[in-house]
Amino acid sequence: MPALLLSVFLLVGVGAATGIAGDPFPSGAPTPAAAPGTGAPPSATPAGALPFDLPGPAALRSGEAGGKLVFAHYFTPYPLSLDNASADADYYTRNYLDPAGENGRHQRYGGLLRDRPLPVPPKDGDWEYANLQQEVRTARDAGIDGFTLDLLSLTGKNWERAQQLMRAAHAVDPAFKIVPMPDMTALDTDDPAVLAGAVATLAASPAAHRLADGRLVLSPFKAEQKDPAWWSRVIDTLRTRYGIRTAFVPLFLDLDAHAAAFAPISHGFSEWGSRSYTGQEGAAADARRAHDLGKIWMQPVSVQDARPNQGIYDEAGNTATLRSTWTHAIEDGADWVQLTTWNDYSEGSQFAPSLHNGHAYLDLTSYYLTRFKTGRWPRIVRDTLYLTARTQFADAGPAGAQSLLMSLRKGSAPARDTVEVLSFLTAPGTVRTAVGRTTREYGAPAGVHAELLPLGPGISSARLLRDGRAPAEVELPYPADRTVPVQDLQYYAATSGRPGWAQGR
């Protein structure tokens, strides 16, 4: 089914998010038979997709650029496909996007997810492994150095997928690295030896990220769930039992409360961070605190966050959160960056190509990533427009059976109803916009410029006009409406660099 038609089909059943998805196919359970497939699409970024010329992987991994690492947080419950079925009737469509899916267990919050990975065709053979390889290629081709791998469990499908990802990464690109990230909100072991054994299993893969001195990088999520003494036992067990020296980079939900206590055992620090553009005031102080303690700093960079099943969301301000978090990583001297997240659709925080965003957020990240790694802003050589908007107003009440509604997280910016045109222009030009029936024109300068428009019902579009030509135009093929079946407060995105809705190719 063409992507645009599929998107219309799925809009009827957009659903809600969860912190940890249930496993629809437990280890060893049969999955639907594979349909004949066409294999993975070409992985290289199409010519003209970006407003600048992205340096190749070798250039981004050498010299000054090679010392600045960018990882994307990989969440194992949401691979490209869960059952190798056609996207119009696969597990995502039937059970995660449909409020009545999984026997109605997600109906209270309108369904499990609001977006999904960009659909891929069914494949012959080991389709799960092939899809993981495709994800590695997509990340690598965007300039990303590797994944931080969220370890939700040490058995079952998520654990098997984690091991598969290690193999896929090395097979696609031996320089693409994986950082084990034990998720201390989900793992059910209190035994440091058990966790050390699991980490050692992953460390046996050549894809496991090691520093130049050979130390394995280990970066637990919510490290403060266990005290420094517990983590010291994990580190000691890795060294004495498995011969693995460790560079410990804990990720905190509360850096201020735990940095000093963890400093003696840590190589660096990170934090999950705020997902609202007004919540970044402390980012510079966090980086400074880590550096003052002699540690590296891994800056969180994010797009947005909306969690229907938890009843919370952050006001991302179109691309304001993305631009702000990248700016802090660049200006505050971060050593590494973690994109939070690559594919956690249950938080609506995905950078990975998705049904509703195509490659737009990932393409934007390639621009800022290049500046972060090389120290120089890329030269804009192609006029490119990015358009972001919600498909409903922030105060819209769903007409369906959804009873749990999202409200703003404490500390978030106030809700706003805006369309944003983010332009990357080689020279000044006129941008003509349409939001439903309302049209406007404004002069846009050369370089990067964000223009906000009031959200209105209908389709939004933007067109660049210069010298009697229209070198760039973009339309967001999802109309905004005041009457909606479920609450969906994610920003949708489109880019003129990938025209039509074949943005995933």
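Arg-105 counts as exposed because its relative accessibility is 52% (exposed means over 50% relative accessible area, buried under 20%, partly exposed in between, with a 1.4 Å probe and protein chains only). Its partner Glu-102 is buried, with a relative accessible area of 14%. The two form a salt bridge whose closest N and O atoms are 3.6 Å apart; the term means a side-chain nitrogen of Lys or Arg within 4 Å of a carboxyl oxygen of Asp or Glu.

This is a predicted model, in which local features need pLDDT of at least 70 and side-chain atom pairs pLDDT 80 or more, while totals for chains, interfaces and linings use all residues. Residues are numbered from 1 along each chain as its sequence is written, and side-chain values use heavy atoms, without hydrogens and water.

The whole structure holds 26 salt bridges. One of them joins Arg-382 to Asp-53, with 2.8 Å between the closest N and O atoms. Arg-382 sits in the loop between α13 and β12 (384-389) and Asp-53 in the loop between α1 (3-11) and α2 (57-60), so the pair ties together parts 329 residues apart in sequence. Helices (H or I, at least four residues) and strands (E, at least two) are DSSP runs numbered from the N terminus. Arg-382 is partly exposed at 27% relative accessibility, and Asp-53 is exposed at 53%.

Helix α12 (residues 320-331) is mostly covered, with nine of its twelve residues buried. Among the buried ones are Leu-322, Trp-326 and Ile-330. Just after α12, Gly-333 has a positive phi of about 75 degrees.
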